[in-house]
Amino acid sequence: MPKQLEKKETTELEDIAIKLSGSDSPGGAGEELRSFTGSQPKSPQPKPEPRNTQQVRLSTGLLVEFELVDKYQSKFTQAFKFKYRLRYQGIPLYGSSIIVDLDEDNKFLFANSSEVAQDEAVKKGFPDKNPKVPEEDLKDSIYKYCLKKGEPISPGGSGEELRGFTGSQPKPEPGDTQRVQLSTSPEALEHCDVNPQLYYYFKHFSNGSSHKLGEWRLVYVTNIKVMAPTVGGKSVGTSLELTDYMIDAHTGEIMLELSNLRTFC
(Lines give C-alpha, C1' and ligand atoms only; values in the text may rest on other atoms or scores of the structure.)
Protein backbone atom coordinates (compact mmCIF):
# COMPACT_ATOMS: atom_id res chain seq x y z
CA MET A 1 0.00 0.00 0.00
CA PRO A 2 1.45 3.37 -0.93
CA LYS A 3 2.02 5.78 1.93
CA GLN A 4 0.24 9.07 2.17
CA LEU A 5 2.35 11.97 0.96
CA GLU A 6 2.36 15.01 3.18
CA LYS A 7 0.76 18.08 1.67
CA LYS A 8 -0.26 20.62 4.27
CA GLU A 9 -2.67 22.62 2.14
CA THR A 10 -4.73 21.91 -0.95
CA THR A 11 -6.61 24.38 -3.13
CA GLU A 12 -10.39 24.48 -3.40
CA LEU A 13 -10.21 22.93 -6.87
CA GLU A 14 -7.96 20.11 -5.64
CA ASP A 15 -10.35 19.43 -2.75
CA ILE A 16 -13.23 19.11 -5.22
CA ALA A 17 -11.21 16.75 -7.44
CA ILE A 18 -10.39 14.60 -4.39
CA LYS A 19 -14.09 14.33 -3.51
CA LEU A 20 -15.04 13.49 -7.09
CA SER A 21 -12.40 10.77 -7.30
CA GLY A 22 -13.76 8.91 -4.30
CA SER A 23 -17.38 9.94 -4.58
CA ASP A 24 -20.27 7.51 -4.99
CA SER A 25 -22.43 10.16 -6.61
CA PRO A 26 -23.70 9.53 -10.16
CA GLY A 27 -21.39 11.07 -12.72
CA GLY A 28 -18.48 11.07 -10.31
CA ALA A 29 -15.45 8.81 -10.48
CA GLY A 30 -16.38 6.57 -7.55
CA GLU A 31 -18.71 4.18 -9.35
CA GLU A 32 -16.12 3.45 -12.02
CA LEU A 33 -13.44 3.19 -9.34
CA ARG A 34 -15.11 0.17 -7.74
CA SER A 35 -14.94 -1.88 -10.92
CA PHE A 36 -11.52 -0.41 -11.61
CA THR A 37 -10.15 -1.55 -8.23
CA GLY A 38 -12.12 -4.78 -8.07
CA SER A 39 -11.75 -7.46 -10.73
CA GLN A 40 -8.70 -6.01 -12.48
CA PRO A 41 -6.87 -3.70 -10.08
CA LYS A 42 -3.66 -3.60 -12.09
CA SER A 43 -5.08 -3.30 -15.59
CA PRO A 44 -5.20 0.17 -17.15
CA GLN A 45 -8.68 1.28 -18.18
CA PRO A 46 -9.57 3.00 -21.46
CA LYS A 47 -9.83 6.76 -21.33
CA PRO A 48 -13.32 7.97 -20.36
CA GLU A 49 -15.43 9.79 -22.89
CA PRO A 50 -15.45 13.61 -22.70
CA ARG A 51 -19.03 13.42 -21.37
CA ASN A 52 -17.61 12.33 -17.99
CA THR A 53 -17.97 15.81 -16.55
CA GLN A 54 -19.55 17.15 -13.41
CA GLN A 55 -20.59 20.72 -12.74
CA VAL A 56 -19.40 22.27 -9.49
CA ARG A 57 -20.13 25.72 -8.09
CA LEU A 58 -17.08 27.27 -6.46
CA SER A 59 -17.14 29.34 -3.29
CA THR A 60 -17.03 32.46 -5.51
CA GLY A 61 -20.26 31.39 -7.22
CA LEU A 62 -18.49 30.45 -10.47
CA LEU A 63 -19.90 27.31 -12.11
CA VAL A 64 -17.15 25.13 -13.60
CA GLU A 65 -16.98 21.60 -15.00
CA PHE A 66 -14.52 18.93 -13.94
CA GLU A 67 -13.81 16.64 -16.90
CA LEU A 68 -12.30 13.24 -16.10
CA VAL A 69 -9.84 12.69 -18.96
CA ASP A 70 -7.77 9.76 -17.69
CA LYS A 71 -7.42 7.26 -14.85
CA TYR A 72 -4.94 4.47 -14.31
CA GLN A 73 -2.96 2.60 -11.69
CA SER A 74 0.69 3.53 -11.24
CA LYS A 75 3.04 0.61 -11.83
CA PHE A 76 5.49 2.04 -9.30
CA THR A 77 3.32 3.15 -6.37
CA GLN A 78 0.17 1.09 -7.10
CA ALA A 79 -1.81 4.28 -6.47
CA PHE A 80 -4.89 5.00 -8.55
CA LYS A 81 -4.47 8.25 -10.45
CA PHE A 82 -7.30 10.44 -11.69
CA LYS A 83 -6.60 13.26 -14.11
CA TYR A 84 -9.08 16.09 -14.62
CA ARG A 85 -9.20 19.27 -16.62
CA LEU A 86 -11.49 22.23 -16.10
CA ARG A 87 -14.16 23.64 -18.39
CA TYR A 88 -16.06 26.88 -18.12
CA GLN A 89 -19.27 27.35 -20.11
CA GLY A 90 -18.38 24.13 -21.91
CA ILE A 91 -14.98 25.46 -23.07
CA PRO A 92 -11.84 23.76 -21.68
CA LEU A 93 -9.22 25.80 -19.83
CA TYR A 94 -5.92 25.31 -21.63
CA GLY A 95 -3.42 23.49 -19.39
CA SER A 96 -5.79 23.14 -16.41
CA SER A 97 -4.81 19.66 -15.21
CA ILE A 98 -5.59 18.37 -11.71
CA ILE A 99 -4.20 14.97 -10.69
CA VAL A 100 -5.40 13.01 -7.64
CA ASP A 101 -3.86 9.85 -6.16
CA LEU A 102 -5.96 7.37 -4.12
CA ASP A 103 -4.98 4.06 -2.57
CA GLU A 104 -6.95 0.81 -3.02
CA ASP A 105 -9.23 1.80 -0.12
CA ASN A 106 -10.15 5.11 -1.78
CA LYS A 107 -8.08 7.04 0.74
CA PHE A 108 -6.51 10.27 -0.45
CA LEU A 109 -2.76 10.20 -1.03
CA PHE A 110 -1.77 13.26 -3.02
CA ALA A 111 -3.11 16.00 -5.27
CA ASN A 112 -1.38 18.29 -7.71
CA SER A 113 -2.63 20.97 -10.09
CA SER A 114 -1.22 23.25 -12.77
CA GLU A 115 -0.88 27.00 -12.33
CA VAL A 116 -3.99 27.75 -14.37
CA ALA A 117 -6.00 25.34 -12.21
CA GLN A 118 -5.12 27.28 -9.05
CA ASP A 119 -7.91 29.12 -7.28
CA GLU A 120 -6.31 32.53 -7.86
CA ALA A 121 -6.36 32.04 -11.64
CA VAL A 122 -9.83 30.50 -11.96
CA LYS A 123 -11.43 33.25 -9.86
CA LYS A 124 -10.46 35.85 -12.47
CA GLY A 125 -13.09 36.92 -14.97
CA PHE A 126 -13.56 35.19 -18.32
CA PRO A 127 -14.16 36.91 -21.68
CA ASP A 128 -17.18 36.43 -23.92
CA LYS A 129 -17.36 32.80 -25.00
CA ASN A 130 -18.60 33.74 -28.50
CA PRO A 131 -15.70 34.14 -30.96
CA LYS A 132 -15.69 37.22 -33.18
CA VAL A 133 -13.26 35.67 -35.66
CA PRO A 134 -14.95 32.92 -37.73
CA GLU A 135 -13.09 29.66 -38.29
CA GLU A 136 -12.95 30.26 -42.04
CA ASP A 137 -10.74 33.32 -41.44
CA LEU A 138 -8.05 31.44 -39.50
CA LYS A 139 -6.08 30.39 -42.59
CA ASP A 140 -5.85 34.03 -43.61
CA SER A 141 -4.52 34.91 -40.14
CA ILE A 142 -1.89 32.17 -40.40
CA TYR A 143 -0.89 33.28 -43.89
CA LYS A 144 -0.44 36.92 -42.86
CA TYR A 145 1.51 35.88 -39.77
CA CYS A 146 3.92 33.67 -41.75
CA LEU A 147 4.29 36.34 -44.45
CA LYS A 148 5.16 38.95 -41.84
CA LYS A 149 7.79 36.64 -40.38
CA GLY A 150 9.20 35.98 -43.84
CA GLU A 151 8.38 32.28 -43.70
CA PRO A 152 7.20 30.65 -46.95
CA ILE A 153 4.14 28.44 -46.92
CA SER A 154 3.86 25.39 -49.11
CA PRO A 155 1.50 22.40 -49.29
CA GLY A 156 4.14 20.23 -47.64
CA GLY A 157 5.16 22.79 -45.07
CA SER A 158 8.84 23.09 -46.00
CA GLY A 159 8.57 25.93 -48.51
CA GLU A 160 9.47 23.85 -51.58
CA GLU A 161 7.27 23.36 -54.58
CA LEU A 162 5.63 20.00 -55.22
CA ARG A 163 8.54 18.95 -57.45
CA GLY A 164 10.71 18.76 -54.39
CA PHE A 165 8.41 16.16 -52.87
CA THR A 166 7.81 13.97 -55.92
CA GLY A 167 11.48 13.38 -56.53
CA SER A 168 11.46 14.82 -60.06
CA GLN A 169 14.40 17.04 -59.14
CA PRO A 170 17.80 15.40 -58.59
CA LYS A 171 19.19 15.49 -55.09
CA PRO A 172 21.83 18.23 -54.87
CA GLU A 173 25.38 17.32 -54.00
CA PRO A 174 26.91 18.76 -50.81
CA GLY A 175 28.01 22.34 -51.42
CA ASP A 176 25.73 22.75 -54.45
CA THR A 177 22.93 25.30 -54.49
CA GLN A 178 19.43 24.52 -55.60
CA ARG A 179 16.87 27.03 -56.83
CA VAL A 180 13.39 26.32 -55.49
CA GLN A 181 10.29 28.38 -56.03
CA LEU A 182 8.69 29.37 -52.74
CA SER A 183 4.96 29.64 -52.32
CA THR A 184 3.65 32.52 -50.20
CA SER A 185 0.07 32.66 -51.41
CA PRO A 186 -3.08 31.89 -49.40
CA GLU A 187 -3.82 29.09 -51.88
CA ALA A 188 -0.95 27.13 -50.32
CA LEU A 189 -3.19 26.61 -47.27
CA GLU A 190 -6.23 25.66 -49.32
CA HIS A 191 -5.91 21.92 -48.79
CA CYS A 192 -4.81 22.14 -45.15
CA ASP A 193 -7.15 21.23 -42.32
CA VAL A 194 -6.53 23.53 -39.36
CA ASN A 195 -8.97 21.69 -37.01
CA PRO A 196 -9.47 24.60 -34.59
CA GLN A 197 -10.71 24.02 -31.05
CA LEU A 198 -11.80 26.73 -28.65
CA TYR A 199 -10.05 27.11 -25.29
CA TYR A 200 -9.77 29.65 -22.53
CA TYR A 201 -6.08 30.51 -22.23
CA PHE A 202 -4.54 32.28 -19.24
CA LYS A 203 -2.19 34.93 -20.61
CA HIS A 204 0.40 35.87 -17.98
CA PHE A 205 1.50 39.45 -17.48
CA SER A 206 5.21 40.00 -17.98
CA ASN A 207 5.87 42.37 -15.07
CA GLY A 208 7.49 39.58 -13.05
CA SER A 209 5.69 40.43 -9.82
CA SER A 210 3.65 37.22 -9.63
CA HIS A 211 3.27 34.19 -11.88
CA LYS A 212 -0.50 34.25 -11.30
CA LEU A 213 -1.05 37.78 -12.64
CA GLY A 214 -2.76 37.75 -16.01
CA GLU A 215 -6.07 37.44 -17.80
CA TRP A 216 -8.14 34.83 -19.58
CA ARG A 217 -8.40 34.99 -23.37
CA LEU A 218 -10.68 33.02 -25.69
CA VAL A 219 -8.45 31.33 -28.27
CA TYR A 220 -8.47 28.87 -31.13
CA VAL A 221 -5.81 26.15 -30.97
CA THR A 222 -5.13 24.56 -34.35
CA ASN A 223 -4.10 21.01 -35.16
CA ILE A 224 -2.90 21.43 -38.74
CA LYS A 225 -2.92 18.44 -41.05
CA VAL A 226 -1.48 18.67 -44.55
CA MET A 227 -2.14 16.15 -47.29
CA ALA A 228 1.03 14.93 -48.93
CA PRO A 229 1.51 15.28 -52.71
CA THR A 230 0.72 12.47 -55.09
CA VAL A 231 2.79 10.65 -57.70
CA GLY A 232 0.97 9.12 -60.65
CA GLY A 233 -2.38 9.58 -58.94
CA LYS A 234 -1.22 7.74 -55.80
CA SER A 235 -0.62 9.42 -52.47
CA VAL A 236 2.92 9.22 -51.16
CA GLY A 237 1.78 9.51 -47.56
CA THR A 238 0.44 12.02 -45.08
CA SER A 239 2.48 14.98 -43.94
CA LEU A 240 1.82 16.64 -40.57
CA GLU A 241 2.76 20.24 -40.02
CA LEU A 242 5.20 20.64 -37.15
CA THR A 243 3.70 23.92 -35.99
CA ASP A 244 0.24 24.74 -34.67
CA TYR A 245 -1.03 28.12 -33.62
CA MET A 246 -2.90 29.70 -30.73
CA ILE A 247 -5.09 32.45 -32.20
CA ASP A 248 -7.12 34.99 -30.25
CA ALA A 249 -10.76 34.26 -31.13
CA HIS A 250 -11.76 37.90 -30.66
CA THR A 251 -8.97 39.72 -32.51
CA GLY A 252 -7.34 37.13 -34.82
CA GLU A 253 -3.93 37.78 -33.23
CA ILE A 254 -1.61 34.77 -33.26
CA MET A 255 -0.43 34.57 -29.67
CA LEU A 256 1.76 31.46 -29.68
CA GLU A 257 3.37 28.92 -31.98
CA LEU A 258 2.97 25.39 -30.62
CA SER A 259 4.85 22.23 -31.42
CA ASN A 260 2.58 19.73 -33.12
CA LEU A 261 4.43 17.00 -31.19
CA ARG A 262 2.69 17.75 -27.92
CA THR A 263 0.95 15.85 -25.15
CA PHE A 264 -2.44 16.49 -23.56
CA CYS A 265 -3.02 19.98 -22.21
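## A walk through the salt bridges, the core and a few polar contacts

Let's start on a helix: the side chains of D140 and K144 form a salt bridge, with 3.2 Å from N to O. Keep in mind as you follow along that this is a predicted model. Both D140 and K144 belong to helix α4, where they sit four residues apart, about one turn of the helix. How exposed to solvent are the two partners? D140 is partly exposed, because its relative accessible area is 34%, while K144 counts as exposed, with a relative accessibility of 51%. As general background, side chains of opposite charge can pair when their charged atoms come close.

Just ahead of that helix you will find D137, in the loop between α3 and α4 (138-149). With a relative accessible area of 36%, D137 is partly exposed. Here is a pair worth displaying in your viewer: D137 and G252 are 115 residues apart along the chain, yet 8.4 Å separates their C-alpha atoms.

Back to the charged pairs. The structure holds seven salt bridges. One of them joins the side chains of K81 and D101, at 2.8 Å from N to O. K81 is part of strand β3 (residues 80-88) and D101 is part of strand β4, so this salt bridge ties together parts that are 20 residues apart in sequence. Are K81 and D101 buried or exposed? Both of them are buried.

Another salt bridge is found between the side chains of E215 and R217, with an N to O distance of 3.6 Å. The two partners fall into different classes of accessibility: E215 is partly exposed at 34% relative accessible area, whereas R217 is buried at 15%, because the cut-off for buried is under 20%. This pair also has further company, since E215, R217, D248 and E253 are linked in a network of salt bridges.

Now return to strand β4 (residues 91-102), which also contains S96. S96 counts as buried, because its relative accessibility is 1%. What does the side chain of S96 reach? It comes to 2.7 Å from the backbone oxygen of L93. A polar atom of the S96 side chain also lies 3.0 Å from the backbone nitrogen of L86. Setting aside neighbours within four places in sequence, S96 is in contact with Y84, R85, L86, S114, V116 and A117.

S114, one of those contacts of S96, leads us to Q118. The side chain of Q118 reaches the backbone oxygen of S114 at 3.2 Å. Q118 itself lies in the loop between β5 (108-113) and α3 (119-122). Although it is a loop residue, Q118 is buried, with a relative accessible area of 14%.

Finally, turn to the nonpolar interior. Which members of the largest nonpolar core touch the most other members? Of its 45 residues, they are F66 and I142. Not counting residues up to four places away in sequence, the residues that F66 touches include L13, I16, A17 and L20, together with N52, T53, Q54 and V56. F66 also touches Y84, R85, L86 and I98. Three of these names should be familiar: Y84, R85 and L86 are among the contacts of S96 too. Apart from the largest core lies another one, of eight residues, among them Y94, V219, M246 and L258.

Notes. Residues numbered from 1 in each chain as written. Predicted model: local features only at pLDDT ≥ 70, side-chain atom pairs only at ≥ 80, totals over all residues. Heavy atoms only, no water. Helix = DSSP H or I, 4+ residues; strand = E, 2+ residues; numbered from the N terminus. Buried < 20%, exposed > 50% of the residue type's maximum accessible area, 1.4 Å probe, protein only. Polar contact = N/O pair within 3.5 Å; in protein donor to acceptor, adjacent residues only side chain to side chain. Core = buried A, V, L, I, M, F, W, Y, C linked by side-chain atoms within 4.5 Å. Contact = heavy atoms within 4.5 Å. Salt bridge = Lys/Arg side-chain N within 4 Å of Asp/Glu carboxyl O.
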